[in-house]
Amino acid sequence: MAVYNKEKYIANALDSLINQTLNFKKNIQLILVNDKSTDNTLKVLERYKKEYPQNIILINNEKNMGSAYSRNQGLKYVKAPYVNFLDSDDIISKDAFKRAYGFLEEYYEVDIVSIPIYFFGVKRGSHNLNFKYEKDQVVNVITDPNYIQLSSSSAFFRSENVKKFRFNENLRVSEDALLINQMLLENPVIGFLSKPKYYYRKDGTQNSLITSSSSTKSYFTTRLDEYFLNLIAYAKSRFNEVPKFIQHVLMYDLQWILEIKFIDNLLTKDEI
């Protein structure tokens, strides 16, 4: 878990892990990467580490490096066969870890299993892509390109395979979408679980990484180069073309850029 300035919410996120039906003390390793928080986040993390010293590893970045760097650092300490990247202001349902564990133990061909996202806070409701979770299933995205996956927070990964990749540290957002789809280009089989829930907090503040990033130049420039064009190049290197599911991923994410009306203050005419 990469953590930056989440003193208001971090305890809720941690409690949702400690209260899993998969016994926390016996089964869950929690790696907290404090990304040079400037509020009281570190005090909260230290309190939890003191209470669960056998389960919690606490890493402190020397300066603010972003979630991609923090996740890469945390991955070095992963000993468990499966790993998740819960965001530090979100909550995961009690049955998520047990169900994900059971699914990955049963379906050896699957490297990633995903659960549905529900918004809470100032925005409530179901994520646009929750049609994927009508039932527990295994899907090949080459033959079913609509079943796109963007979030690493709402997914569980086979550790040995996710460790073959790195989150792109040039990206402040979408680093998980890039990594996930690079993995799917290597193994296009993904699992979906219908019953667990991932609760994505929408608090309406600029503290949200995605909200704040869309008002920066790099959201349009670096993201285009390091995510969109990088993923296209990776797909071509594997398939000599861009598979449909990668086209769907990029078009889905491109729509959010095109919805932003006022960018003259951020980009030059050539960049637009």
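Q: Two strands (E, at least two residues, as DSSP runs numbered from the N terminus) pair if DSSP finds at least two bridges between them. What makes β7 and β12 a pair?
A: Strand β7 (residues 117–121) and strand β12 (residues 198–202) share five bridges, in the parallel sense. The cut-off is at least two, so they pair. Gly121 stands opposite Lys202 in β12. The model is predicted, with local features needing pLDDT of at least 70 and side-chain atom pairs 80 or more, while totals for chains, interfaces and linings use all residues. Numbering starts from 1 along each chain as its sequence is written, and side-chain values use heavy atoms, without hydrogens and water.

Q: Why are β5 and β8 called edge strands?
A: The open sheet runs β5-β12-β7-β8, with mixed pairing. Each of β5 (91–92) and β8 (125–126) pairs on one side only.

Q: How do you know where the buried residues of α5 point?
A: Ala96, Phe97, Ala100, Phe103 and Leu104 are buried in α5 (under 20% relative accessible area, 1.4 Å probe, protein chains only). Directions from the helix axis to their C-beta atoms span an arc of only 130°, so they lie on the same side of α5.

Q: What lines the second largest pocket?
A: The pocket holds about 550 Å³ (space filled by probe spheres set on the grid points). Its lining has 27 residues (an atom within 4 Å of a point). Closest to the centre are Gln29, Tyr82, Val83, Asn84 and Phe97. Elements giving two or more residues are β2 (30–34), α4 (67–75), β4 (82–84) and α5 (96–106). By class, 21 are nonpolar, five polar and one charged.

Definitions and conventions:
On a 1 Å grid over the protein atoms alone, a cavity is a set of points where a 1.4 Å probe fits but cannot get out, and a pocket is an open set with protein on both sides within 12 Å along at least five of seven lines; lining residues have an atom within 4 Å of a point. Helices (H or I, at least four residues) and strands (E, at least two) are DSSP runs, numbered from the N terminus. Ala, Val, Leu, Ile, Met, Phe, Trp, Tyr, Cys and Pro count as nonpolar, Asp, Glu, Lys and Arg as charged, and the others, Gly among them, as polar. Buried means under 20% relative accessible area, exposed over 50%, partly exposed in between (1.4 Å probe, protein chains only).
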